[in-house]
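Morning, everyone. I have one structure to walk through today. Please bring it up on the screen.

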Amino acid sequence: MSTYLFMYDLMQFCGHSWIFTNMIIRFMSFGKGLVMRLCQLLSVLEILHILIGIDKSRLFPRVLQITERIIVLFVVINSQEEVQGKYIVCVLFFLWNVLDVVRYTYNMLARMGIYYLPLTWLNFSLCILLYPLSVLAKAFAICVSLPYFESFGTYSIKLLFPFAFSIYFPYILKAYLLVLFIGKYLIFQKAVSQHNLDACGNKKKKSNQ
């Protein structure tokens, strides 16, 4: 299982590194990027890894993180072509890929029992700085998309049978903004506690060596 998890982390690292490099070179968003969509879809496997016990990460924060990304990418950004060219999308993807390139590099080395102290510190410290920024970027991307959902009526439906009932999707997005901030608050708390635990753990390992 360690070999499988190593290969999974390596594939995610290569995908996010490719996206990250191209974004820097071209300074453009990858709303339609196949690699971006593929990496985010593959991240669903991380939930399965936790459920079957081969990954010891906490389930609830990981489910929140993956669900939020998939909703923002596929429902909000990918469904509105006008939103894909906005600079906020580029900023959001930039933040995602900085976090993921560092995280999957750390995970790959950890599978082999290698704990490089600067990388460990960067992995757990960078998220404390960038997670709040990614929340703001997600929220801003959703706000930018609202006028297009209102104009085009995307995902808004009206049912006439058996009784008149309508779903106005912009209202759902506005309600989701609240859920987004609550979810990120929980993830941020987990990141801070994990940072403290990891710092203590690395000190003990260093003293025992």
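I'll go from the overall fold to the core, then to the charged pairs and two polar side chains.

One caveat up front: this is a predicted model.

Start with the fold. The chain has eight helices and two strands. Reading from the N terminus, the order is α-α-α-α-α-α-α-β-β-α. Of the 209 residues in the chain, 44% are buried. Now take contacts between residues at least 6 apart in sequence: 75% of them join residues at least 24 apart. On the outside, the chain exposes about 11,600 Å². Carbon and sulfur atoms supply 71% of that area.

Next, the core. The largest nonpolar core holds 37 residues. Which residues have the most contacts inside it? They are Ile-77, Leu-92, Phe-93, Trp-96, Ile-142 and Leu-173. Five helices each supply at least two residues of this core: α1 (2-26), α4 (59-77), α6 (87-111), α7 (117-152) and α8 (169-208). The largest share, 13 residues, comes from α7.

Look at Leu-173 up close. Setting aside residues up to four places away in sequence, Leu-173 touches Val-76, Ile-142, Ser-145, Leu-146 and Phe-149.

Now the charges. How many salt bridges does a search of the whole structure find? Six. I'll show three.

The first on my list is Asp-9 with Arg-111. Their closest N and O atoms are 2.8 Å apart. Asp-9 sits in helix α1 and Arg-111 in helix α6, so this pair ties together parts that are 102 residues apart in sequence. Is each partner buried or exposed? Asp-9 is buried, at 1% relative accessible area. Arg-111 is partly exposed, at 27%.

Next, Glu-46 with Arg-62. Here too the closest N and O atoms are 2.8 Å apart. The pair links distant parts of the chain: Glu-46 is in helix α3 (residues 45-51), and Arg-62 is in helix α4, 16 residues apart. Glu-46 is buried, with a relative accessible area of 2%. Arg-62 is buried as well, at 10%.

Then Arg-103 with Asp-100. The closest N and O atoms are 3.5 Å apart. This one stays within helix α6. The two residues are three apart there, so about one helical turn separates them. Arg-103 is buried, at 15% relative accessible area. Asp-100 counts as buried too, at 1%.

Some of these residues join up. Glu-46, Arg-62, Arg-69, Asp-100 and Arg-103 are linked in a network of salt bridges.

That brings me to Gln-40. Gln-40 lies in helix α2 (residues 34-42). Why call it buried? Because its relative accessible area is 2%, and the cut-off is under 20%. What does Gln-40 contact, leaving aside neighbours within four places in sequence? The list is His-16, Arg-69, Ile-70, Leu-73, Phe-74, Trp-96 and Asp-100. Note three names there. Trp-96 is among the core residues with the most contacts. Arg-69 and Asp-100 belong to the salt-bridge network.

Last stop, Ser-125. Ser-125 is found in helix α7. Ser-125 is buried, with a relative accessible area of 15%. A polar atom of the Ser-125 side chain lies 2.8 Å from the backbone oxygen of Trp-121.

To recap: a 37-residue nonpolar core with its largest share from α7, six salt bridges, and a buried Gln-40. Over to you for discussion.

Notes:
Residues are numbered from 1 along each chain as its sequence is written. This is a predicted model: local features need pLDDT of at least 70, side-chain atom pairs count only at pLDDT 80 or more; totals for chains, interfaces and linings use all residues. Side-chain values use heavy atoms; hydrogens and water are left out. A nonpolar core is a set of buried Ala, Val, Leu, Ile, Met, Phe, Trp, Tyr and Cys residues joined through side-chain atoms within 4.5 Å. Buried means under 20% relative accessible area, exposed over 50%, partly exposed in between (1.4 Å probe, protein chains only). Helices (H or I, at least four residues) and strands (E, at least two) are DSSP runs, numbered from the N terminus. Contact means heavy atoms within 4.5 Å. A polar contact is a pair of N or O atoms within 3.5 Å; within protein, one must be able to donate a hydrogen and the other to accept it, and residues adjacent in sequence count only if both atoms are side-chain atoms. Accessible areas come from the Shrake-Rupley method with a 1.4 Å probe; for residues, only the protein chains shown count as cover. A salt bridge is a side-chain nitrogen of Lys or Arg within 4 Å of a carboxyl oxygen of Asp or Glu.
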